[in-house]
Amino acid sequence: MVKDPECVRFLQWALPRLRMSWPGYRKVRRQVCKRITRRLHALGLAGLAHYREYLETTSEEWSTLDSLCRVTISRFYRDRIVFDHLFDVVLPCLTEQVRVRSANRLDAWSIGCASGEEPYTLAISLILRADTVPAQPPFTIIASDADLGMLARAQAACYDWSSVKALPRDWLRAAFDRADHGYCLRSRYRERVRFLHQDIRTALPGRHFDMVLCRNLVFTYFDAELQSAILEKLLVRLRPGGALIIGKHESLPARGRALAAWFPKLGTYRREPH
Ligand SMILES: C[S@@+](CC[C@H](N)C(=O)[O-])C[C@H]1O[C@@H](n2cnc3c(N)ncnc32)[C@H](O)[C@@H]1O
């Protein structure tokens with residue numbers, strides 16, 4: 001494995017060239033440094049100085065490095081307090097809006113959905129909630145990620161204990177079957193999420209949403225300029241009055257007048273009604 005200080009110097013050089021931000025990577029750099037070490041072995045290069053030279057002469061290698069820099073950590077019910085706030089405060093408001101708009105459903109989008117933990121948490125909670133809150137409208141969930149490997153795992157929808165352990169036990173019993181290799185999500189929940197292979201920097205789903213979850217990706221790993229550009233695009237996709245949810249430890253770049261704070265400590269914002 002490449003030594004940590006050497007990897008840090010390399011990342012500090014390479015990340016800005018990918019329009020990413022080093023501080024976001026500080027705590028999670030081991031995952032990325034391990035992948036870069038494997039890449040050096042695959043290319044038969046002796047060290048990061050050689051890899052840097054290789055990058056300077058081989059422009060296609062930048063997109064490989066870009067994919068090596070994807071941090072893919074996730075789990076079900078991540079930041080439980082945020083999901084509880086969504087269910088108790090945000091969803092009732094959005095439900096009311098759907099009713100006022102005479103729309104027949106609520107549309108949600110999870111960006112950087114990893115192996116499906118976030119959109120499936122939403123699907124499980126909305127389905128189980130519908131059993132006790134009859135006024136809740138039907139819903140759709142789109143989940144996008146740039147990484148095909150993560151999307152394949154999302155579609156397989158089987159997880160180990162560490163991924164699901166934060167879920168309330170009755171949700172776990174209701175939504176998963178025990179399997180040799182862990183916990184597999186039942187089809188009733190799986191089929192409520194539609195996955196898209198999309199890079200948020202270059203593509204967006206062609207429709208509008210009541211709720212956009214963009215957690216632990218854009219506002220951690222991308223540089224300030226790219227964050228602002230993507231925020232602008234997200235706002236176009238968010239219906240007036242809709243909710244934008246970012247990571248609990250993230251903050252937004254200057255957001256203009258289109259977006260109001262809902263509960264920023266939990267990363268929830270609301271697009272101004274008009
Ligand atoms: C740290 S995970 C966050 C997962 C989930 N949102 C959460 O908070 O638990 C970041 C995810 O974003 C994906 N990702 C990275 N770059 C991306 C991009 N440019 N466009 C879309 N997804 C991307 C990664 O593949 C990874 O699955």
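Helices and strands are DSSP runs, numbered from the N terminus, with at least four residues for a helix and at least two for a strand. On that basis, the protein chain of this predicted model holds 13 helices and 10 strands. The C-alpha atoms fill a box of roughly 65 × 50 × 30 Å along the principal axes. For 274 residues, a compact globule would have a radius of gyration near 19 Å, and the value of 20 Å found for the protein chain agrees with this. Buried residues account for 34% of the 274 residues. Among contacts with a separation of 6 or more, 73% join residues 24 or more positions apart.

The ligand is surrounded by 20 residues. Those that come nearest are Ser74, Gly112, Ala114, Ala146 and Asp147. By class, the shell contains nine charged, seven nonpolar and four polar residues.

Helix 7 spans residues 117–132. Its 16 residues reach 23 Å from the first C-alpha to the last, close to the 22 Å expected at 1.5 Å a residue. Buried positions in helix 7 run through Glu117, Glu118, Pro119, Tyr120, Thr121, Leu122, Ala123, Ile124, Ser125 and Leu126.

Two other helices show a sided arrangement of burial. An α-helix has 3.6 residues a turn, so residues three or four places apart point the same way. In helix 8 (residues 148–156), the buried residues are Met150, Leu151 and Ala154. Viewed down the axis of helix 8, they fall within an arc of 100°, so they line one face of the helix. Leu148, Gly149, Ala152 and Gln155 are exposed on the other side. The cover over the buried residues of helix 8 includes strand 2 (139–145) and strand 6 (193–197). Just after helix 8, Ala157 adopts a positive phi of about 60°.

Helix 13 covers residues 224–237. It has 14 residues and reaches 20 Å between its first and last C-alpha atoms, close to the 20 Å expected at 1.5 Å a residue. Gln227, Ile230, Leu231 and Leu234 are buried in helix 13. These residues sit on the same side of helix 13, because they cover an arc of only 110° around the axis. Glu225 and Val236 are exposed on the other side. The buried residues of helix 13 pack against three elements: strand 7 (209–214), helix 12 (218–221) and strand 8 (238–246).

Positive phi values also occur in loops. Tyr77 lies in the loop between helix 5 (61–68) and helix 6 (80–100). Its phi is near 55°, a positive value in a residue other than glycine. Tyr77 counts as buried because it has 22 C-beta neighbours inside 10 Å, and the cut-off for burial is 20 or more. Ser102 occupies the loop between helix 6 and strand 1 (106–111). Ser102 is not a glycine either, yet its phi is positive, at about 55°. Ser102 has 6 C-beta neighbours inside 10 Å and therefore counts as exposed; the limit for that class is 12 or fewer.

Two further positions are partly exposed. Leu40 belongs to helix 3 (residues 29–43). With 16 other C-beta atoms within 10 Å, Leu40 is partly exposed. Setting aside neighbours within four places in sequence, Leu40 is in contact with Leu45 and Tyr51. Leu40 and Glu61 are 21 residues apart in sequence, and their C-alpha atoms are 12 Å apart in space. Pro168 is placed in the loop between helix 9 (161–164) and helix 10 (169–175). It has 13 other C-beta atoms within 10 Å and so is partly exposed. From Pro168 to Arg237 the sequence separation is 69 residues, and the C-alpha to C-alpha distance is 32 Å.

Note on methods. Residues numbered from 1 in each chain as written. Predicted model: local features only at pLDDT ≥ 70, side-chain atom pairs only at ≥ 80, totals over all residues. Near = placed C-beta within 6 Å. Nonpolar A, V, L, I, M, F, W, Y, C, P; charged D, E, K, R; others polar. Expected span 1.5 Å × (residues − 1). Rg over C-alpha atoms; globule rule 2.2 N^0.38 Å. Contact = placed C-beta atoms within 7 Å. Arc of directions from axis to C-beta.
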